Structures are given as C-alpha cells and as structure tokens.
Amino acid sequence: MPEHGHSQAEIDARLSAPRGRGNLGDAVYGAIDGSVTTFAIVAGVAGAGLPPMIIVALGVANVLSDGFSMAAGNYSATKAELDDTRRLRAVEERHIRLDPEGERRELRAILSQKGLSGETLDSAVDQIASHRATWIDTMLEGEYGIGSVDPHPLRAALVTFAAFLLAGIVPLIPFLLSLGQSFLISSVLTLTTFFAIGTAKSLWSLSPWWRSGLETLAIGGTAAGIAYWAGTLFNV
C-alpha cells in the first residue's frame, strides 16, 4: 500500500477526517465465510452422491439466506458496539459534570502513562480539559480503548453481504453452467478464491502475499475437506 504524505496540507486533511477501523475485516470475513459455507454444501452434497440440481438449490439458498443472516448479525453486533460507545460517552459526560476534579486526575494519569510529566503534563491536562469533546474522547481511549471514530453498522452489513455473495457464488458457477466435471471445477475455483482472498488481504498486512494466500487456502481447504468427508458418510 502507498505511504501517506507528510506535508502540512496532507496531515491536516488526514487528521480532520480519520478513517477509523474501516471495513477490511467485514469484507474478509464475509468472503471467506461465503466461500466456505457454499462449498461445504457443494462438497457435502457431492460427497453424498446427490443430483447436481440439489447442489444448485441448496447453494443458492445458502448464498442468499446465510449471506443476509451474516449481514444482519454483523449489523447487530456493530450497532451494539456503537450503542456501548454512546453509553460510555454519556457516562464520561456525566462524570465530568458531577466530578470534574476526579476526571482531571484520571486525565492526568492517562497522559502520564503516555510519557508526559512536569509542566508539560500540567499544560496538557489544562488544554485538553478546556475542550469538552476532546476531553471525553481522551477518556474513552484511555479508559476503555475506544477510538474517536464511531463504527458504521449499515456499511459493515452491506460490505459483509456483498463479499459473501461475490465469493459464495463461485463454487456454484460450474453447476449453474452445467459444466462437465462440475465438482472438480468447483473445487479448483473455490481453492483459487481462498488463495486470492488471502493474497488480497496481504495488501493490508506485513506478511508476504504467498504466505497470506496459503494461510487462507489452508483454512478454507480444511473446512471444505471436512464437509466432503461428512458428506461421504451419507453416500447412498
């Protein structure tokens, strides 16, 4: 990934609109789960020796229903995180109003842990405490480890759903197109998708692309292997 610039204009622009945690985790989670769960159905049904149309029907149902379920779950989880942040913000606002000196002592302790001391520490406490919003943000980060940028539940849900759909449809493509050796082609496409997800993930990681790709491939391949083995137990 390209490094950001350090001119004053670039710094001001970056700090005025912090990105927060972003939705990388939502995308990776949705894509891997979409590939794994859909191919688990493909592998399980194929292992049981059932007709291809059953694979298509169950696969499409999984992509839509499980994708929506994951998106709804992520929305609820992110909304709960947002609600908890708002609750803690209200707690800090109340504490600052009712016990400002106690909150100043907490602020001093937080800044002291960051390496400030002496007159610099005194000045920093005075400056931050004079701006209520900054004071609250500092307390949230120092006491609870909560960043100043709130999460976005709807965006997280949409990213998860989109990633699930895109990756989850891949194992079904050979069956939708009625290709010969559909299961073999589906297996290759799915394993390739696992590797591609891992490779893309390495753009935001210090790991080499091939290691990230192989790690995701191993995780997804193991899940697919377990599903196929389970399906063979019911082969009729």
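## Starting at Leu179

Let's begin with one residue: Leu179 counts as partly exposed, because its relative accessibility is 37%, which falls between the 20% limit for buried and the 50% limit for exposed. Leu179 sits in the loop between α8 and α9 (182–201). Keep in mind that this is a predicted model.

## A nonpolar patch on the surface

Leu179 has company. Together with Val60, Leu64, Ile169, Ile173, Leu176, Leu177 and Leu189, Leu179 makes up a nonpolar patch on the surface, and the accessible area of the patch is about 610 Å². Which elements give two or more residues to this patch? They are α3 (52–98) and α8 (173–176).

## Two aromatic pairs

Now for the rings. Searching the whole structure turns up two aromatic pairs. In one of them, Phe39 and Phe183 are stacked, with 6.0 Å from centre to centre and 15° between the planes. This pair ties together distant parts of the chain: Phe39 belongs to helix α2 (residues 24–47) and Phe183 to helix α9, 144 residues apart. Are these two rings buried or exposed? Phe39 is buried, since its relative accessible area is 6%, while Phe183, with 26%, is partly exposed.

Phe195 and Trp209 also pair up, but edge-to-face: the centres are 6.1 Å apart and the planes meet at 85°. Here too the pair links distant parts of the chain, with Phe195 in helix α9 and Trp209 in helix α10 (residues 209–232), 14 residues apart. Phe195 has a relative accessibility of 26%, so Phe195 counts as partly exposed.

Key:
Residues numbered from 1 in each chain as written. Predicted model: local features only at pLDDT ≥ 70, side-chain atom pairs only at ≥ 80, totals over all residues. Heavy atoms only, no water. Patch = residues over 30% accessible without salt bridge, like charges linked within 9 Å, V, L, I, M, F, W, Y side chains within 5 Å. Areas by Shrake-Rupley, 256 points an atom, 1.4 Å probe, with all protein chains shown as cover. Salt bridge = Lys/Arg side-chain N within 4 Å of Asp/Glu carboxyl O. Helix = DSSP H or I, 4+ residues; strand = E, 2+ residues; numbered from the N terminus. Buried < 20%, exposed > 50% of the residue type's maximum accessible area, 1.4 Å probe, protein only. Phe/Tyr/Trp six-rings, centres within 6.5 Å; stacked < 30°, edge-to-face > 60°.
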